[in-house]
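Biologist: I'm new to this structure and would love a close look at one part of it. Could you pick a single residue and walk me through its surroundings, then tell me how that spot fits into the whole?

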Number of protein chains: 2
Amino acid sequence: MNRTRIAALYADMDQLGGTELTVAGWVRSIRDMKNFGFVTLNDGSCFKDLQVVVNRERLGDETYEGIVSQNVGAALVVRGKLELTPDRPQPFELQAATVTVEGASAPDYPMQKKRQTREFLRTQQHLRSRTNLFRAVFRVRSVAAFAIHRFFQERGFLYVNTPIITASDAEGAGEMFRVTTIDPANPPLTEDGKVDYSKDFFGKPTNLTVSGQLQAENFAMSFGDVYTFGPTFRAENSNTRRHAAEFWMVEPEMAFCDLEGEMDVSEEMLKYVIAYVMEHCPDELDFFNKWVDKGLKERLQHVATSDFARVSYTDAVKILEDAQNSGTMFEYPVSWGVDLQTEHERYLTEKHFKRPTFVTDYPRDIKAFYMRLNDDGKTVAAADCLVPGIGEIIGGSQREERLDVLERRIQELGMDPEQYKYYLDLRRYGGCHHAGFGLGFERLVMYLTGVDNIRDVLPHPRTVGNADF
Amino acid sequence: MNRTRIAALYADMDQLGGTELTVAGWVRSIRDMKNFGFVTLNDGSCFKDLQVVVNRERLGDETYEGIVSQNVGAALVVRGKLELTPDRPQPFELQAATVTVEGASAPDYPMQKKRQTREFLRTQQHLRSRTNLFRAVFRVRSVAAFAIHRFFQERGFLYVNTPIITASDAEGAGEMFRVTTIDPANPPLTEDGKVDYSKDFFGKPTNLTVSGQLQAENFAMSFGDVYTFGPTFRAENSNTRRHAAEFWMVEPEMAFCDLEGEMDVSEEMLKYVIAYVMEHCPDELDFFNKWVDKGLKERLQHVATSDFARVSYTDAVKILEDAQNSGTMFEYPVSWGVDLQTEHERYLTEKHFKRPTFVTDYPRDIKAFYMRLNDDGKTVAAADCLVPGIGEIIGGSQREERLDVLERRIQELGMDPEQYKYYLDLRRYGGCHHAGFGLGFERLVMYLTGVDNIRDVLPHPRTVGNADF
């Protein structure tokens, strides 16, 4: 079937006006004015709908009645002439010459025109992307994902698919999902009665990855600039608006790059993605700005054009302590050495700096083992990027490239050096200073849309107790 | 550090010739001619190396000796003047003014210049991408992945991240990995002594996905044209050159599209990706053509410009039976109703049609439940795309959009309709004819490179008994 997408009608209306064409899509509403009617059709190719005009005389009574009696959600194929209507709210209408009901809908169709709660829509994940909100969210998600690929590919970065199933734990911490073919009802046992993982599929215990960073470093030491973009997992029993058990991460890793360079790339990437989405999803952003978050477009515009603030953790703590002393109440009091909570992050980026803010050089005891030790011996070359409304969106660091320092750190933390042999090898054979970061992709989509629950930016979210669809 | 990538030297040599610049990379070889020496450096930004000229007099004895005594693999930072050398094999050299050893290598560096077996290199996955072969493979992989995104995004397809963790089984078959937080040494039990999966993380048994298709259909029924590109899994205990436990799939799904349209998009996509890789990876393809597969470039060129053959399963079986009768020996004899084996697929595409070939309309009993039943009642609207050297690379079909036919099929196969409620809903509320396919991304990379083992096109392959790195 040679159908024209509704997106193409809007893009090429000057050429297509007056021509005969075929459109296929789903009914969003029908108004029957007795001798003629209006069918609002959407085919998902763009945010906007198409108004189809059906005329009783032209179509005949039977066809006309058959169409205006359709339920919302029905799939129609319409052939007709595109008529430009510069004097009406919509720029054109399709004057239907023939209409075929490809698939009827039912009166109990759950996506009715009335406003539904997001909680209800989470129970209808197979249908919710037919609503304006989710149509807009998932288009922005797709466009932002492509913008990320474009950004890195244009700069010569290699896209590397780090493994999902892993026998190691990238952070030396974090709750992980076990991946197994062992039947827990009847596990193979060793002679001393323990579960015999040598009989598991991979011959040892394996988990779902929490980060591709360590493997990305393997490739950065060959290709210079690389990035991952894939799913990562946390088996954390936390039921917040910002956490999911399965989410997508972007993890660039750059050889011969220090913390300043890492922040430069993070900032450039965020601005690039924002600008790309603003250019390619104007209707979607208008929708969010009107119905979800009234300050959204202004904020995105501001971020895309302003320099991000950069402040050391030590100075950030001073700012927060001053705020405390001036009467700001934090649920968790701040002092040097504690990890920053979302409330602190949001204070810094929303109240104090009023723009995205990198906080750098955190105490080493609250950061991961692979981060490069600063000369003061107590902080590491880390940089978290905080954004208004979200808090941390990017966590980056320069990696420890000095073999002796890294080995000492692994020992101090009681980690098994044997597990990190390959990682240490990178420092044995032509190591170099290098840095990278991790971007939580869903947090970026939340930031781009103003949607405040991670469950509403994932196609089929996985959280504690939820793996439906 | 403001370094220039070696790729930029090759791209902009006319502008950069004669200028001072800084390059950083890894030593591939060193020749010491006593008063001067040549260091071959690669920074991973392109396939080609850079020749650095070090001069004893200019650098001083100590620095000079320090450099020429480096081991292969060492990381160097070189500042110097780029000198165009139109009369030499390489178009330019870098005349080193200063050289810094950023990270030394060791004499036991496993990636020596001598030829290593691929089996050995599989034990060195953290270093193997420093060899020509893997440098080329993973660049092609990255460029091909981006080409796929470009192809679909240019055509308005929505990129959708279907879930990795799932409580359902897309194919109604296939060995799956269990994802769990239950400790098999001490599983929670129900009153009647069974493992109590209500205590598992998601409140029920969950697995790693074998396909995102069913969820992609949810989105195709909203957005029209969508695609997934993500990891999928098989817990099959098979040790072949073509199977891995973890691999990446591309799964487009298109509303208002029939089997012909599905084949058109598959063919167009394959040609697009081939052309894109030929344009962006000429050095890599030259390398494969010379060292891995002498017919590669000719074959890719041929495929990019010729029409794919299309033949029904029934006619394909006749061709194979004729071949059998004419003396071709197949390990598995062919007759109508049997599934085609790789040997049959390769005969069709390599010997008979001599180009990529779609085989269509397979017997329904050897295909998945969701494929659309043809009017003959015994075949389904499936299309497998076979390519020379590989066999099946794409499996596609038109999906059964008729609620009653689909419900009957689910019943016949003894599947649980309750598990497919959402899938059936898509046929209740505005269903339409639609089609899609799955492309095994690693098979595509094998096809593009001539590399014949899936373990050598995955950054860190996962196969039975192997989850290292």
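Modeller: Happy to help; what follows starts at one asparagine and works outward. Please keep in mind that this is a predicted model.

Let's begin with A:Asn161. You will find A:Asn161 in the loop of chain A that runs between β6 (158-159) and β7 (165-166). Is A:Asn161 buried or exposed? Its relative accessible area is 5%, and buried means under 20%, so A:Asn161 counts as buried.

Now look at what the side chain of A:Asn161 does. Within its own chain, the side chain of A:Asn161 makes a polar contact with the side chain of A:Tyr159, at 3.3 Å. Across in chain B, the side chain of A:Asn161 makes a polar contact with the side chain of B:Arg141, at 2.7 Å. Leaving aside residues up to four places away in sequence, A:Asn161 touches B:Arg141, B:Trp248, B:Phe441 and B:Pro459. B:Arg141 therefore appears both as a polar partner of A:Asn161 and in this list of contacts.

That brings us to how the two chains are arranged. A turn of 180°, with a shift of 0.0 Å along the axis, lays chain A on chain B with an RMSD of 0.0 Å. The two copies are thus related as by a two-fold rotation axis. Of the interface residues of chain A, 100% are also interface residues in chain B, so the copies meet through the same surface.

You may also wonder about the cysteines. How many disulfides are there over all chains? The count comes to 0. A disulfide needs two cysteine sulfur atoms within 2.5 Å. In chain A, the sulfur of A:Cys432 has its closest cysteine sulfur in A:Cys257, 9.7 Å away, which is too far for a bond. In chain B, the sulfur of B:Cys257 has its closest cysteine sulfur in B:Cys432, also 9.7 Å away and too far for a bond. A:Cys432 is buried, at 1% relative accessibility, and B:Cys257 is buried too, with a relative accessible area of 10%.

For a last stop, turn to strand β12 of chain B, residues 309-312. This strand has a covered face, made of B:Ala309 and B:Val311, and an uncovered one, made of B:Arg310 and B:Ser312. Its partner is strand β13 of chain B, residues 357-363, and the two pair in the parallel sense over 4 bridges. Within that pairing, B:Ala309 of the covered face stands opposite B:Thr357 in β13(B).

Definitions and conventions. Residues numbered from 1 in each chain as written. Chains lettered and ligands numbered in written order. Predicted model: local features only at pLDDT ≥ 70, side-chain atom pairs only at ≥ 80, totals over all residues. Heavy atoms only, no water. Buried < 20%, exposed > 50% of the residue type's maximum accessible area, 1.4 Å probe, protein only. Pairing = 2+ DSSP bridges. Polar contact = N/O pair within 3.5 Å; in protein donor to acceptor, adjacent residues only side chain to side chain. Contact = heavy atoms within 4.5 Å. Least-squares fit on C-alpha atoms with pLDDT ≥ 70 in both.
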